[in-house]
Amino acid sequence: MRLFLSSLAIHLIYVQALDIIRNNGVLQIVNKELSPDGFSRPTVLAGINADSATFPGPLIQGNKGDRFNLNVVDSLTDPSMNRTTSIHWHGLFQEHTNWADGPSFVTQCPIAPDHSFQYDFSVPDQAGTYWYHSHLGVQYCDGLRGPFVVYDPHDPQAHMYDIDDESTVITLADWYHPKAFQVLAHGAAVSNATLINGQGRYPGGPDASLAVINVQAGKRYRFRLVSMSCDPNYLFSIDGHNLTVIEADGVSTTPVTVNQIQIYAAQRYSFVLTANQPVGNYWIRANPNTPLFGSQATDPFANGTNSAILRYNGAPNTDPVTAAPPASGVIGINEHLIHPLQNPGAPGKPYPGGATVINMTLGFNAGAFTINNYSFVSPTVPVLLQILSGTQKAQNLLPKGSVYGLQRDQVYEINLIGGTAPGGPHPFHLHGHNFDVIKSFDSPEYNFQNPARRDTTPVAAGQMTTIRFVADNPGPWFLHCHIDFHLAAGLAVVMAEDIPDVELNNPVPLEWDALCPIYDNLQPDQL
């Protein structure tokens with residue numbers, strides 16, 4: 001049992017309120033009115049049943065080596081938002097189950113309303129902090145997102161902490177009062193609230209409840225920080241406490257102690273916090289890079305916006321009065337400080353160009369983002385289905401210009417060149433892999449010896465980020481900006497890996513074959 005008996009009393013209420021799916025279960029996808037910041041709006045949510053659906057969705061958890069059977073049931077009814085859906089299990093490699101990866105029109109057709117689809121996949125050699133979200137249009141910005149944790153019973157860093165359970169997951173999310181398609185149509189996204197563990201306040205709004213995270217003096221906690229953001233990155237900190245980072249995007253790292261973490265959309269960090277301060281209440285802060293709509297520029301934390309509370313057992317039920325460290329006292333986590341704990345070192349030869357190089361230049365033209373002058377537009381037939389139907393050359397796969405063929409077991413070096421793409425830094429995520437960041441966007445230095453290894457890294461205008469990975473996972477894998485509004489505007493490509501062996505390595509179930517015929521027969525108000 002992961003919950004330590006000494007902390008049972010202080011965690012009991014939180015644990016009882018949190019829905020958990022362990023390995024096998026149902027995710028019911030529903031429309032529901034929700035007011036996590038005091039403003040009521042229609043949403044798209046996940047729950048273990050329709051009544052319990054909320055934001056964020058249930059915590060899915062299991063152990064390294066486990067098999068997961070997750071039945072996604074589409075019960076969406078609101079025609080003003082997408083009624084179809086699909087789920088991506090962010091950061092999990094999906095070896096031999098490319099069909100279960102989730103991005104609509106890349107590896108599957110969407111699930112139709114009043115239908116379901118069983119995602120059945122194994123996690124043989126990964127452990128860490130992940131999440132799941134809709135991968136259809138901008139649907140996850142309307143609420144369909146939740147945490148996913150794979151525990152390692154033999155965690156090499158277990159000696160560093162006492163408590164690591166459902167109460168130590170911290171989710172950050174931007175929240176919008178308009179529906180996501182309205183935000184997309186408006187152009188630059190400006191969120192109304194920052195939600196920490198599903199609670200927050202908006203400028204000028206009511207004093208809605210803030211999330212409270214309880215700790216016991218003297219205990220060491222492994223907190224798992226998950227950015228479920230659709231757009232902003234956050235500067236995360238907890239007043240008066242150091243944060244010792246031990247994981248980035250599912251990869252254990254050599255410990256680095258900081259007091260602030262900049263976390264981009266879709267990234268995750270584990271950090272150890274020692275509850276060694278006087279018993280009391282301390283502000284948890286998540287300051288977005290784009291100010292909230294209507295916020296006071298002089299104080300992003302006015303009236304508890306962008307905030308939650310760390311409360312020691314025995315402290316009064318009051319708001320904190322603590323202060324953040326001055327700018328001169330901030331110690332942040334930079335990507336060049338992140339080093340894998342195990343098997344460090346980038347594949348390929350230890351110099352720029354010491355692998356098969358692909359240059360990808362980001363751009364913007366006529367309202368659409370581009371990569372190498374092509375804007376990604378979802379094909380009507382998923383890329384995986386195109387391959388299984390006999391298309392064997394990347395240049396013949398749709399969408400034209402957005403599919404790159406990779407040869408089996410070759411080392412690829414991708415230069416992501418920020419170019420003129422506005423609205424960055426753009427957090428780029430590669431499905432099906434971790435990669436080594438041999439050059440981060442904010443540093444001119446290359447690192448081949450022990451670069452950061454993760455699955456999401458930022459790319460900035462006028463700068464270059466370089467990643468390397470081995471093409472050892474056959475299938476079409478999405479590579480895209482995880483600012484969801486930018487993805488919807490075309491900032492993506494597909495890496496079609498080892499096309500000749502895709503069918504042999506990824507046998508698809510009959511239920512997958514049925515997704516596209518069902519979807520193709522839907523009426524417009526069912527899409």
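Which hand does the link of C141 and C230 have, left or right? Select both residues and look down the S-S bond. With -125° about that bond, the link is left-handed.

**Before you go on**

This is a predicted model, in which local features need pLDDT of at least 70 and side-chain atom pairs count only at pLDDT 80 or more, while totals for chains, interfaces and linings use all residues. Residues are numbered from 1 along each chain as its sequence is written, and side-chain values use heavy atoms, with hydrogens and water left out.

**Stop 1: C141 and C230**

Stay on this pair. The two cysteines form a disulfide (a pair of cysteine sulfur atoms within 2.5 Å). Their sulfur atoms are 2.3 Å apart. The pair links distant parts of the chain, 89 residues apart. C141 sits in the loop between β8 (128–134) and β9 (145–151). C230 sits in the loop between β13 (220–227) and β14 (234–238). Helices (H or I, at least four residues) and strands (E, at least two) are DSSP runs, numbered from the N terminus. C141 and C230 are buried, where buried means under 20% relative accessible area, exposed over 50% and partly exposed in between (1.4 Å probe, protein chains only).

**Stop 2: C481**

Now select C481. Why is C481 not bonded to C230? The closest cysteine sulfur is that of C230, and at 11 Å it is too far for a bond. C481 is buried, with a relative accessible area of 0%.

**Stop 3: C109 and C516**

A search of the whole structure finds 2 disulfides. Select C109 and C516 for this one: their sulfur atoms are 2.1 Å apart. The link is right-handed, with 95° about the S-S bond. It joins distant parts of the chain, 407 residues apart. C109 lies in the loop between β6 (87–90) and β7, and C516 in helix α6. Both cysteines, C109 and C516, are buried. With the bonded cysteines of the protein chain numbered in sequence order, the pairing reads 1-4, 2-3.

**Stop 4: helix α6**

Extend the selection from C516 to residues 510–520, helix α6. Its buried residues are W512, L515, C516 and Y519. They lie on the same side of α6, because they cover an arc of only 80° around the axis; the arc is that of the directions from the helix axis to the C-beta atoms. An α-helix has 3.6 residues a turn, so residues three or four places apart point the same way.

Rotate to the face turned away from the buried side. It carries the exposed residues L510 and E511.

Finally, show β7 (116–122) and α3 (383–388). Both are among what covers the buried residues of α6, with contact meaning heavy atoms within 4.5 Å.
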